[in-house]
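This briefing covers one protein chain, from its overall make-up to selected helix pairs and individual residues. Please read it alongside the sequence and coordinates shown here.

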Amino acid sequence: MAQNTVEKTPVTILGLGAMGTALARTWLTAGHPLTVWNRTPARTGAFATEGARVADTAAAAVAANTLVVVCLLDDASVDEALAGADLAGRDLVNLTTSTPAQARARAQWARERGARYLDGGIMAVPPMIGVPEAGGYVFYSGSRALFERYRETLAVPVGTAYVGEDAGFAALHDVALLSAMYGMFAGAAHAFALIRKEDVDPATLAPLLSDWLVAMAPAVHQTAEQLRSGDYTKGVVSNLAMQVAGTPTFLSTAEQQGVSPELLTPYFELMRRRLAEGDGEEDLTGVIDLLVRRPAAAAGLPRAVSEAK
């Protein structure tokens, strides 16, 4: 048992919030020598009794091991924690939630300090950590060689998905998926609001709603194929013109039920705009092009006009 523990990759983790604690405990339970640091020392006590090394400073924690995992509140917290640390020769895996631009800047920042860098976007909540059947995983981007070196260690607490050498891609995938999740939550909120004043048990609507969303989810594959091909009319079942014609029913129902349409109207407006300038026989895919802001030079327009559009 002792031999197996020695052979496992030592890990330093900075940050023992709910997610950091879950990650740290899983590595420790799996036999990885663990060094922990947290801005609030009280969170480290349990780890000390369980065999982890507790560092007094972030710099000391970084010095303890080559593999350093950062799981802090935000990008500014990373700056603060690592300000006095010597990162030369360290392998920095940053699981702090950030934007793609912040991740790319952090990768450059790490290289300038002699560290190798991986960025991560966690697609899980703390109870899913250490539970393979829960289906959680982390997007990783940056050095493929570094990812391959630590693939097994990184997969101990939760699954892994490498998405590219561009350090910003993990954050980009993370935010893209979570943005879709919030869109789904918005639709579900509107659905529950419609029945709120009626003699309809929300518990009876919930399984219907869940099954319907699952049934509709495969539509994303058709959207992806249409974006790749540029043909938004391929495989259309309910075309844009027909769907726009149906939107007044949804808005009238909301009004009659005393429900604000504010979660629906932005999307419906995009649909109407696309219909006005596009092909009524196409799918809803064209609204994506309305969301993407074109650079002024590419659009052939003055910047102010382009941004206004």
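**Overall make-up**

Of the 309 residues in the chain, 37% are buried. The model is a predicted one, and its secondary structure comprises 15 helices and eight strands. The C-alpha trace spans about 70 × 55 × 30 Å along its principal axes. Among contacts with a separation of 6 or more, 57% join residues 24 or more positions apart.

**Confidence**

- The average pLDDT of the chain is 93, and 93% of the residues score at least 70.
- Residues 1–5 have a pLDDT below 50, and this stretch has two contacts in the model beyond near neighbours in sequence.
- Residues 296–309 likewise stay under a pLDDT of 50; for this stretch, the model has eleven contacts beyond four places in sequence.
- Where pLDDT is low, the predicted coordinates should not be read in detail.

**Helix packing**

- Two packed helices are described by the angle between their axes and the distance between the axes.
- Helix 5 (residues 75–82) packs with helix 6 (residues 100–112) at an angle of about 15°, and their axes are 11 Å apart.
- Angles under 35 degrees count as roughly parallel, and helix 5 and helix 6 are therefore roughly parallel to each other.
- The crossing of helix 5 and helix 6 is right-handed. Helix 5 contributes Asp75, Val78, Asp79 and Leu82 to the contact, while helix 6 contributes Gln102, Arg106 and Trp109.
- Helix 8 (residues 169–195) and helix 9 (residues 202–216) have axes that come within 11 Å and cross at roughly 145°.
- The crossing of helix 8 and helix 9 is right-handed. On the helix 8 side the contact is made by Met184, Ala188, Ala191, Phe192 and Ile195, and on the helix 9 side by Pro202, Leu205, Ala206, Leu209 and Leu213.
- For helix 11 (residues 240–256) and helix 12 (residues 265–277), the packing angle is about 145° and the axes lie 10 Å apart.
- Helix 11 and helix 12 cross in a left-handed sense. Leu240, Ala241, Gln243, Val244, Thr247, Phe250 and Leu251 of helix 11 meet Thr265, Phe268, Met271, Arg272, Arg274 and Leu275 of helix 12.

**Residues in strands**

- Ile13 belongs to strand 1 (residues 11–14) and counts as buried because its relative accessibility is 0%, where the cut-off for buried is under 20%.
- Beyond four places in sequence, Ile13 is in contact with Gly20, Leu23, Ala24, Trp27, Leu34, Thr35, Val36, Trp37 and Val69.
- Ile13 and Ala58 are 45 residues apart along the chain, and their C-alpha atoms are separated by 9.3 Å.
- Asp91 is placed in strand 5 (residues 91–94); with a relative accessible area of 1%, Asp91 is buried.
- The side chains of Asp91 and Arg116 make a polar contact at 2.3 Å.
- Arg116 is also among the residues that Asp91 touches when those up to four places away in sequence are not counted; the others are Thr66, Leu67, Val68, Leu146, Arg149 and Tyr150.

**A residue in a loop**

- Asn65 lies in the loop that runs between helix 4 (58–64) and strand 4 (67–70).
- Asn65 has a relative accessible area of 11% and is therefore buried.
- The side chain of Asn65 reaches the backbone oxygen of Val11 at 3.4 Å.
- Leaving aside neighbours within four places in sequence, Asn65 is in contact with Pro10, Val11, Thr12, Thr35 and Arg90.

**A partly exposed residue in helix 8**

- Phe169 is located in helix 8.
- The relative accessible area of Phe169 is 28%, so this residue is partly exposed; the partly exposed class lies between the limits of 20% and 50%.
- The C-alpha atoms of Phe169 and Ser141 are separated by 5.8 Å, although the two residues are 28 apart along the chain.
- Ser141 is one of the contacts of Phe169 outside its neighbours within four places in sequence, together with Arg104, Val163 and Gly164.

Methods
Residues are numbered from 1 along each chain as its sequence is written. This is a predicted model: local features need pLDDT of at least 70, side-chain atom pairs count only at pLDDT 80 or more; totals for chains, interfaces and linings use all residues. Side-chain values use heavy atoms; hydrogens and water are left out. Helices (H or I, at least four residues) and strands (E, at least two) are DSSP runs, numbered from the N terminus. Buried means under 20% relative accessible area, exposed over 50%, partly exposed in between (1.4 Å probe, protein chains only). A polar contact is a pair of N or O atoms within 3.5 Å; within protein, one must be able to donate a hydrogen and the other to accept it, and residues adjacent in sequence count only if both atoms are side-chain atoms. Contact means heavy atoms within 4.5 Å. pLDDT is the predictor's confidence in each residue, from 0 to 100. Axes are lines fitted to C-alpha atoms, for helices over the stretch in contact, and angles run from 0 to 180 degrees between N-to-C directions. Angles under 35 degrees count as roughly parallel, over 145 as roughly antiparallel, 65 to 115 as roughly perpendicular and the rest as oblique. A crossing is left-handed if the near helix is turned anticlockwise from the far one by less than a right angle, and right-handed if clockwise.
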